[in-house]
Amino acid sequence: MIDELLDAAKCADALWRREERTSVAFEAGRLKTAGVTEEAGVNLRVVAGGRMGVAGTTAATPDLEELVARARASAELGEQLDLGFPPTSPLPHVPTFFDRAANASLDQLIALGRGLVERLARAGCQVNVAIEREVGETAVGNTAGGRGRYRATAVAVTAEVIRIAADDVLMIYDQYLGADLPGDVDLDVLVRSIETRLGPALTVVPPPDGTLPVVFTPAGLAALLLPLEQALSGKTVLQGSSPLAGRIGEQVFDSRLSITDDPLAPGRPSSRPLDDECVASRTTHLVQHGVVHGFIYDLETAARAQARSTGHGRRGIFGKPRVAYTNLIVGEADDGVGAQHAAPLLGGGLLADIKDGLIVDDLIGVGQGNVISGGFSHPVGLAYRVVRGEVTGRVKDAAVAGNAYELLKQIGGFGADGRWLGARWSPSLRLNGVSVARR
Amino acid sequence: MKDRLAAALKASRADYTEIRVERTWSSAVTFRGRRLETATVSEDEGGFVRALNRGCGWGIASFTSLDALPVMIARADELSRAVRLDRPIRLAETAPHLADATLDLDGDVRGIPLAEKKRLLEAYNGAMLAVSNAVVDTQASYRDEVSEVWYVNSEGTVLSQLRPDVTLSGTAIARRNGTLEKGLESIGLRKGWHSVHGLEDRFRIVAQRAVDLLDAPRVKGAAYPVILDNELAGVFVHEAFGHLSEADFVYENPQAREMMTLGRRFGKPVLNVGDNGAAPGLRGTLPFDDEGTPTQDTPLIRDGILVGRLHSRETAAAMGERPTGNARAISFRHAPIVRMTNTYIAPGPPPGGTFEDLIKDVKLGVYACGAFGGQTMLENFSFTAAWGHMIRDGHVAELVKDVVLAGNLFQTLDRIDHIARDFTWNQMGGGCGKGGQFPLAVTEGAPHVRIEQALVGGDV
């Protein structure tokens, strides 16, 4: 269909994608639902008269002429843009399709969930588990001869334990996400990650107060990494709102910090041989040894910034391609990505010399407010107090505040607990001088 | 379509089967700064089948190719049979309904050229940019849709609906030296092309506010008496209380049921809260929910006491209560789950007060207005107001920024001590997210509300 569509459109690129998802959901320990989703569609972008337009459809047998006409009508209103489509190029080899995941039967998925439910069961706790397996096929092409086609699998296993005691609600959540089915070790990590956080959370202790060392877990780091993710996007740079614009080559962060986007990471669902605009995948260094090294671009932002696409175009069936990360790796320079830690460690081994401080695993309201400035101020969702190197219990009614750019200038320590969390890999980070308030 | 669905339904072997089919035509225009980002027209179509068998769980199937309907009905039945349950799923009774709801399209957006929609948004975007040189960036978006939805189930319900929707939003970013501030406008209506004109002033006002905030001081973090404006009070009741009243949170959890026992006091007698899916003309309004249950006005808190909750047919049966018409799905890609519709804090009792009555005896307080966002983690919440004013000696005083309200739901609801009578529905765009389903069109409504003491952070 892609070839036919491109013939009709003259100067264009297109993406066709088909996905089938199978899901099972356990609610309060009981299997309640099994489901399938099938979806297919095509997204077309044309350049006509130097202007860009897009159109998409999920129709089973789309009227290609109508789709081209709709994209052309969209282009008539578009801005002038010197958009060049990449010609054919050799693609890197990255395994995206795993037979074991694709062939897993419904009964296998159910058994997997049931095993997890049994291992997580606790008196007085509600356990919810959901498993979703996706099998997809993507084809992309353009009128410059660029072509790519690959199949991919993804498996997400989500578990949450909810404990309510009077008006105290505790919720501990974790997820395995991979291109293949989880192995025994992965499931073990998932269970232990929840147990490690649940045990000490059963005791509630008063929060500390003041400017203190805080260990942000890989999940807790979201508030600090969100402004960086925005600032390192070529789109934000182009818009003039990135605090990192014009600072390539400058030492902005701790000299041990590196941030890399890697679409070639093995076994990750976001990995792919080429992006959704026919640009071959490659690793992009964003921050190296604390020095700003580059930004991510798709074809449009690259054309406007007189840069080259870094292969970060992502598109859905509707709307135009946009810039998006694939696998974001945050960590100590040259450390790379390790295996998920076999024994989840609350605090990442960074607690030893903390006299009084916090471990932050979740904050409330991340993403609200003025994210791009790096400033944050949030009540804690899940946090623990650390006294003389020991976790003493869970802290409620506390808030933390600081500025990501200030705090990441000097990192107090990188944890030994690096892990994937969705499409991001990072260890815990110990940051000194975070303001902690009791309320 | 109805005949096609009815015929397909007959072929199902399951004890209970429902089918939902949607066809949505939409167009969208977005600007970033002076630059057009996109102008597109999309058509989306697909179906959803859900099956239930005795002693078994739910089997669900969603798909974009309607030709697959018979196959998908068989798949849903098989999936249901694969889920063996010790305790059966029961559905609360609802009478079968036959109804066609065709809403006024209010100027059918499908007949308006995309270029005209671009011109309209360009004017609103231009109004923001023209406010001041300090407005360095804007984002503006226009989206409209006309959707047709068909629903049938094996109990005899046959429904169809035709409805319009239009949303407009604008964000203005103002900058001076290193300081960035934003202003946000959002409009969402179950209307069409006739209702989207003459809104320049609303966009101008938010851009001006972003500029004004550049010079405003940050609010000093402390506990204050806080007055919420209509918009923030609405967002607050939705986020902080509404989600807890969704029965799927409590029905399988004995401790949660205890926490949310009907009859528990949640606030002072002045507090009345409800959810009304039948309120006319709002985005959260629908005649029937996505299980074919008629919508209604459901009281949740009456005179400070918890009196109700929001149900699907499954949660209602499990708790021995009546379904409330709150099972909703954002599209054919999803199963219906318990959701809010139009959630509100009712006006205070007559003769009641005005905004001035709420602030007249406040020596030092905060007037928190608009919402940049809000998140609840069960009993704890955090809300970021779009802007605020200090209240000094009973009068609205200087503009302040970075007004973040954080607290515990139970304590905060109990500290609502005055509710004005100036009720409005906030007809905003965007929507609510839950269980991977975002955005669902909902509306919130409230008068001005006073919290006798709440923690306001700026600097913590």
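Tutor: Two residues are in contact if their C-beta atoms, placed from the backbone, lie within 7 Å. This is a predicted model, so local features need pLDDT of at least 70 and side-chain atom pairs pLDDT 80 or more, while totals for chains, interfaces and linings use all residues. Residues are numbered from 1 along each chain as written, with chains lettered from A and ligands numbered from 1 in written order.

Student: How many residues of domain 2 of chain B are in contact with domain 1 of chain B?

Tutor: The domain assignment (automatic or from a database) splits chain B into domain 1 (2-215) and domain 2 (222-457). Taken over C-alpha atoms, the centres of these two domains are 22 Å apart. Domain 1 of chain B brings 35 residues to the contact, and domain 2 of chain B brings 30 residues.

Student: Which element gives the most to the domain 1 side?

Tutor: Helices (H or I, at least four residues) and strands (E, at least two) are DSSP runs, numbered from the N terminus. Several elements of chain B supply at least two residues each to the side of domain 1 that touches domain 2, among them strand 1 (16-32), strand 5 (135-153) and helix 4. The top contributor there, with six residues, is strand 7 of chain B.

Student: And by class, how many residues on that side are charged?

Tutor: Ala, Val, Leu, Ile, Met, Phe, Trp, Tyr, Cys and Pro count as nonpolar, Asp, Glu, Lys and Arg as charged, and the others, Gly among them, as polar. On the side of domain 1 of chain B that touches domain 2 of chain B, you get 15 nonpolar and 11 polar residues, and the charged ones number nine.

Student: Over to the two chains: which strand of chain B gives the most to the side that touches chain A?

Tutor: Chain A and chain B each put 58 residues into the contact. The chain B side has 28 nonpolar, 17 polar and 13 charged residues. Giving 11 residues, the top strand of chain B is strand 2 (residues 35-52).

Student: Which residue stands opposite A:Val36?

Tutor: Two strands pair if DSSP finds at least two bridges between them. Strand 2 (residues 30-48) of chain A runs parallel to strand 3 (residues 58-63) of chain B, joined by six bridges. Facing A:Val36 in strand 3 of chain B is B:Ala61.

Student: How far apart are the axes of helix 3 and helix 4 of chain B?

Tutor: Axes are lines fitted to C-alpha atoms, for helices over the stretch in contact, and angles run from 0 to 180 degrees between N-to-C directions. Helix 3 (residues 114-129) and helix 4 (residues 200-215) of chain B pack at about 30 degrees, and their axes are apart by 8 Å.

Student: Which residues of helix 4 of chain B make that contact?

Tutor: The contact residues of the two helices divide into six nonpolar, no polar and two charged. Helix 3 of chain B offers B:Ala123, B:Tyr124, B:Ala127 and B:Met128, and helix 4 of chain B answers with B:Glu200, B:Phe203, B:Arg204 and B:Ala207.

Student: Which are the edge strands of the six-stranded open sheet in chain B?

Tutor: That sheet has mixed pairing and the order 11-10-9-14-25-22. Inside the sheet, strand 9 (residues 273-276) and strand 10 (residues 297-302) of chain B run antiparallel over four bridges. Pairing on one side only, the edges in chain B are strand 11 (305-306) and strand 22 (424-426).

Student: Which residue takes a positive phi in the hairpin of strands 18 and 19 of chain B?

Tutor: Strand 18 (residues 387-392) and strand 19 (residues 395-400) of chain B are antiparallel, with four bridges. B:His389 stands opposite B:Leu399. Two residues lie between the strands, and the one with phi near 50 degrees is B:Asp393.
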